[in-house]
Amino acid sequence: MSNKAWSKAEFEAKLRAKGDRYHIHHPFNINMREGRLSREQLRGWVANRFYYQLMIPQKDAAIMANCDCRETRRRWVHRILDHDGWDGNAGGIEAWSRLGEAVGIARDELWSLKHVLPGVKFAVDAYVNFARRAPWQEAVCSSLTEMFAPEIHKQRLANWPKDYPWVASEGLQYFRSRISLAQRDVEHGLELTLAHFKTRAQQERALEILQFKLDVLWSMSDAIALAYPDSKKSRNKT
């Protein structure tokens with residue numbers, strides 16, 4: 001087997017090919033896309049994914065703390081602000097909190113984290129700990145699951161109004177905002193990854209890192225699907 005490094009185009013293609021393991025293909029997410037989730041299932045998903053949203057700024061802050069490149073920090077800090085918010089912009093965490101209210105979860109109940117499953121917490125914490133301990137370039141690479149995120153947001157914006165009409169439309173703002181922001185973040189993350197992982201061994205390591213992050217997201221869906229089984233096999237639009 002050749003140990004020759006892939007070209008940047010070949011390397012990027014291999015990174016993007018990992019999209020077939022993205023959690024958009026998980027059975028729970030397929031049921032969501034096809035309008036088959038009950039209210040309880042959808043609320044359970046929103047409540048558990050909220051923990052992931054809360055921890056994203058801490059993950060990004062960990063990357064910045066390990067990063068010795070000023071220019072990278074100047075650009076990466078926008079990710080923290082995107083979620084935590086700033087003057088005039090409530091941020092992604094607040095947008096997800098409003099999604100919780102839109103599906104019928106009281107704000108205090110959502111923020112209490114009492115619905116967060118052990119499996120979800122374990123997976124998310126593993127991701128944050130990786131970002132804290134790994135070289136910052138590797139942690140950046142792990143963020144590249146965002147390459148596959150715009151499609152899942154577009155699907156939800158297209159399908160939820162007809163499949164889950166009981167969800168208030170203003171609660172979908174998180175999905176609307178993340179389409180352009182994810183595309184911006186992917187451009188930066190790819191730029192850094194393609195520049196840093198140059199040898200074949202490094203490139204294969206990058207694929208392993210991206211697979212780790214994909215496994216984190218898949219494990220979260222596994223835990224949610226187990227806790228909120230699909231018993232009715234039918235749509236709940238009322």
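How much space lies in the largest cavity? In this predicted model, the largest cavity holds about 320 Å³ of space, and its lining is made up of 27 residues, of which Y52, I56, E146, Y174 and R178 are the closest to its centre. The description below begins with the chain as a whole, and then turns to the cavities and the aromatic residues.

The secondary structure of the chain consists of 11 helices and zero strands, so that the order of elements from the N terminus on reads α-α-α-α-α-α-α-α-α-α-α. The chain has a radius of gyration of 18 Å, which is close to the 18 Å given by the globule rule for 238 residues, and it is therefore as compact as a globular protein of that length. The C-alpha trace spans about 55 × 45 × 30 Å along its principal axes, and 54% of the 238 residues of the chain count as buried.

With a threshold of 30 Å³ or more, the count of cavities comes to two. The lining of the largest cavity draws on several helices, since at least two residues are supplied by each of helix 3 (39–66), helix 4 (70–84), helix 9 (149–163), helix 10 (173–196) and helix 11 (200–227). Helix 3 gives the most to this lining, with six residues. By class, the residues that line the largest cavity divide into 11 nonpolar, six polar and 10 charged.

The second largest cavity has a volume of about 60 Å³, and its lining comprises I24, N29, M32, R33, I152, Q155, R156, N159 and W160. Helix 2 (27–33) and helix 9 each supply at least two residues of this lining, and helix 9 gives the most, with five residues. The classes represented in the lining of the second largest cavity are four nonpolar, three polar and two charged residues. Helix 9 thus supplies at least two residues to the lining of the largest cavity as well as five to that of the second largest cavity.

A search of the whole structure finds 10 aromatic pairs. One of these is formed by Y22 and F148, whose rings are tilted, with 5.5 Å from centre to centre and 55 degrees between the planes. Because Y22 lies in the loop between helix 1 (8–17) and helix 2, while F148 lies in the loop between helix 8 (136–142) and helix 9, the pair ties together parts that are 126 residues apart in sequence. Both partners fall below the 20% limit for burial: Y22 is buried, with a relative accessible area of 5%, and F148 counts as buried at 12% relative accessibility.

A further aromatic pair, formed by W160 and Y164, is edge-to-face, with 5.8 Å from centre to centre and 75 degrees between the planes. W160 counts as buried at 1% relative accessibility, and Y164 is likewise buried, with a relative accessible area of 1%. W160 and Y164 also belong to one aromatic cluster, which is formed by W45, W96, W160, Y164, Y174 and F175. Within this cluster, W160 is also one of the residues that line the second largest cavity, whereas Y174 is among the residues closest to the centre of the largest cavity.

An aromatic ring also takes part in a contact with a charged group, as the charged end of R79 sits over the ring of W76, 3.6 Å from its centre.

How values were computed. Residues numbered from 1 in each chain as written. Predicted model: local features only at pLDDT ≥ 70, side-chain atom pairs only at ≥ 80, totals over all residues. Heavy atoms only, no water. 1 Å grid on protein atoms, 1.4 Å probe; cavity = no way out; pocket = protein on both sides within 12 Å on 5 of 7 lines; lining within 4 Å. Points joined across faces, edges and corners; volume = space filled by probe spheres on them. Helix = DSSP H or I, 4+ residues; strand = E, 2+ residues; numbered from the N terminus. Nonpolar A, V, L, I, M, F, W, Y, C, P; charged D, E, K, R; others polar. Phe/Tyr/Trp six-rings, centres within 6.5 Å; stacked < 30°, edge-to-face > 60°. Buried < 20%, exposed > 50% of the residue type's maximum accessible area, 1.4 Å probe, protein only. Lys NZ or Arg CZ within 6 Å of the ring centre and 35° of its normal. Rg over C-alpha atoms; globule rule 2.2 N^0.38 Å.
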